[in-house]
4 protein chains.
Amino acid sequence: MANEVSGRDAYALARKVTDVMYERDYATQHLGIKVQEVGPDYAILTMVVEPYMVNGHDICHGGMTYTLADSAFAYACNAQDVAMVASGCVIDYLAPAHKGDTLTAIARESASSGRQKVFDAVVTNQNGAVIATFRGRAASLKKNVL
Amino acid sequence: MANEVSGRDAYALARKVTDVMYERDYATQHLGIKVQEVGPDYAILTMVVEPYMVNGHDICHGGMTYTLADSAFAYACNAQDVAMVASGCVIDYLAPAHKGDTLTAIARESASSGRQKVFDAVVTNQNGAVIATFRGRAASLKKNVL
Amino acid sequence: MANEVSGRDAYALARKVTDVMYERDYATQHLGIKVQEVGPDYAILTMVVEPYMVNGHDICHGGMTYTLADSAFAYACNAQDVAMVASGCVIDYLAPAHKGDTLTAIARESASSGRQKVFDAVVTNQNGAVIATFRGRAASLKKNVL
Amino acid sequence: MANEVSGRDAYALARKVTDVMYERDYATQHLGIKVQEVGPDYAILTMVVEPYMVNGHDICHGGMTYTLADSAFAYACNAQDVAMVASGCVIDYLAPAHKGDTLTAIARESASSGRQKVFDAVVTNQNGAVIATFRGRAASLKKNVL
């Protein structure tokens with residue numbers, strides 16, 4: 001593994017890993033989630049709340065919001081081409097999302113120590129209101145993604 | 001609100017709330033999740049890991065496992081016909097789930113104080129292996145679901 | 001490591017590990033926390049809320065309640081004489097504890113997969129009211145405590 | 001309540017609330033925790049790992065690290081003179097802290113929606129290594145601290 005890349009190369013690597021992962025990431029594709037931007041330690045993804053994403057209270061199912069944040073976490077996490085596995089995640093719901101909303105999740109690395117990393121994601125709607133905050137923990141598998 | 005029902009009536013109420021919620025819970029339906037059993041303080045749901053639920057590492061996307069657990073939480077939570085809103089959830093992933101696996105989530109109430117409740121769900125596969133543990137916190141909205 | 005002990009031996013081992021750990025566990029001792037009972041996959045600890053444990057709102061500091069639960073987790077976790085390290089914990093506060101209260105934390109194993117384990121603890125007061133729920137995740141270090 | 005203060009006044013108010021809270025916050029005082037800096041949406045606290053803070057594995061008890069982070073959360077949380085109550089917290093341990101270490105916790109507001117707020121704290125040691133990340137959720141009580 002040679003991951004000490006920087007500047008422009010780090011962004012190109014992040015994009016390459018993302019493209020390879022996304023092509024076989026059927027769950028993320030299935031929900032219409034798009035990777036809008038990715039860098040060595042962050043990723044920005046968007047998702048439109050489709051009619052089939054609504055729960056019995058007529059608001060976006062918490063699992064759909066979670067999946068968006070978790071995907072953002074995954075792309076941010078793997079962007080340096082070191083395969084990472086998520087061990088646990090936490091989400092706090094601050095406001096409901098509704099059918100037709102466009103949600104954006106921005107995930108970034110918050111802390112790192114040895115093989116352990118902590119990433120945070122914030123999910124907002126098209127008006128900039130915070131829908132949820134997400135935190136994920138991941139451990140390096142000591143192998144490349146590509 | 002008159003929720004002090006018990007025994008057979010409590011189960012009948014749980015079933016009724018579940019049926020009403022499920023009918024408009026498009027997200028849970030969309031993923032093929034079934035409510036196998038529900039009682040006044042628990043719910044058992046199943047989901048088959050479909051090909052479109054797999055992520056870029058060829059294992060079940062963490063968001064799909066989460067959604068199953070979160071739905072189980074929701075049905076257990078509302079089964080007494082008191083509308084509850086989830087404030088936050090945590091999930092720990094213990095083993096990967098694979099395409100074709102049948103996952104079962106059992107959610108039950110763990111603690112209660114005033115309007116606050118804590119529910120736990122365990123997700124297992126068809127061999128009984130634990131895939132994930134989930135904990136959700138909810139607050140009563142002081143109104144009925146039905 | 002030979003940890004496949006059962007029945008009476010498993011309890012004797014749990015007690016022995018506990019005694020050895022407690023003797024050098026100055027933090028738990030300092031707060032007057034007592035290990036009331038311990039078995040191969042659970043531990044019961046108590047703590048009296050002393051005047052110096054109160055915060056600026058005149059209720060028991062959340063960190064003190066957490067420490068009681070975390071200690072219960074630690075003793076339950078190591079009771080099979082396999083050293084474990086906690087990776088992350090979550091606590092939900094359901095009701096305040098007050099000066100003079102006697103708090104009891106019961107920790108038990110909830111799930112296990114390979115080297116990973118999840119433990120849950122519930123903290124109650126002398127009236128049986130739930131003060132907090134706690135969940136901890138730990139990984140085996142593949143060595144003995146004794 | 002009139003909390004729409006800004007600039008220098010917001011800092012003065014944060015300091016005032018902190019001083020009043022700290023005077024009766026016996027738990028934080030007991031552990032030798034100092035509030036080094038506080039502003040309208042953040043707080044910086046330090047704690048020296050004393051010999052009595054060590055656990056049975058001869059490292060700083062997770063509850064002591066948690067208490068430092070939780071206190072930082074509390075001071076950041078109340079700094080606008082709106083009383084807040086913590087509902088739940090999560091901590092991820094990234095590296096052990098040792099006897100004699102000086103730990104610093106920086107807590108800041110990460111998200112806000114209505115009466116709900118999410119705060120994050122990072123605990124580092126004297127060498128800048130991350131010991132733990134902490135996240136707390138709090139709800140406004142709609143009354144002042146002072």
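This passage walks through a predicted model, taking the pairing of two chains, then the strands of one chain, then a single histidine. Residues are numbered from 1 along each chain as its sequence is written, and chains are lettered from A and ligands numbered from 1 in the order in which they are written. As the model is predicted, local features need pLDDT of at least 70 and side-chain atom pairs count only at pLDDT 80 or more, while totals for chains, interfaces and linings use all residues.

Chains B and C make a handy starting point. Chain B lands on chain C after a rotation of 180 degrees with 0.0 Å of shift along the axis, with an RMSD of 0.0 Å (a least-squares fit on the C-alpha atoms of residues with pLDDT of at least 70 in both copies). The two copies are thus related as by a two-fold rotation axis. Both use the same surface, since 100% of the contact residues of chain B turn up again in chain C. Here, two residues are in contact if their C-beta atoms, placed from the backbone, lie within 7 Å. By that count, 15 residues of chain B meet 15 residues of chain C. On the chain B side, strands S3 (84-93), S4 (102-113), S5 (116-124) and S6 (130-140) each put in at least two residues. Helices (H or I, at least four residues) and strands (E, at least two) are DSSP runs, numbered from the N terminus. The biggest giver is S6(B), with four residues. Sorted by class, the side of chain B that touches chain C holds eight nonpolar, four polar and three charged residues; Ala, Val, Leu, Ile, Met, Phe, Trp, Tyr, Cys and Pro count as nonpolar, Asp, Glu, Lys and Arg as charged, and the others, Gly among them, as polar.

Over in chain D, strand S5 (residues 116-124) is mostly covered, with nine of its nine residues buried. A residue is buried if 20 or more other C-beta atoms lie within 10 Å of its own, exposed if 12 or fewer, and partly exposed in between, with C-beta atoms placed from the backbone. In a regular strand the side chains alternate between the two faces of the sheet. Both faces of S5(D) are covered, with Val118(D) and Val122(D) among the buried residues on one side and Phe119(D) and Ala121(D) among those on the other.

S5(D) also has strand partners, where two strands pair if DSSP finds at least two bridges between them. Strand S4 (residues 102-113) of chain D runs antiparallel to S5(D) over nine bridges, and Ser113(D) has Gln116(D) as its bridge partner. Two residues sit between these strands in their hairpin, where Gly114(D) takes a positive phi near 60 degrees. Nine bridges also tie S5(D) to strand S6 (residues 130-140) of chain D, again antiparallel, with Val123(D) opposite Ala132(D). That hairpin has five residues between the strands, and Gly128(D) takes a positive phi near 85 degrees.

Strand S2 (residues 42-48) of chain D alternates: Ala43(D), Leu45(D) and Met47(D) point to one face and are buried, while Tyr42(D), Ile44(D), Thr46(D) and Val48(D) point to the other and are not. S2(D) pairs antiparallel with strand S1 (residues 34-39) of chain D over five bridges, and with S4(D) over seven.

Finally, His61(B) lies in the loop between strand S2 (42-48) and helix H3 (62-78) of chain B. His61(B) counts as buried because it has 26 C-beta neighbours inside 10 Å. Leaving out residues up to four places away in sequence, His61(B) touches Ala27(A), Thr67(A), Met53(B), Val54(B) and Asn55(B).
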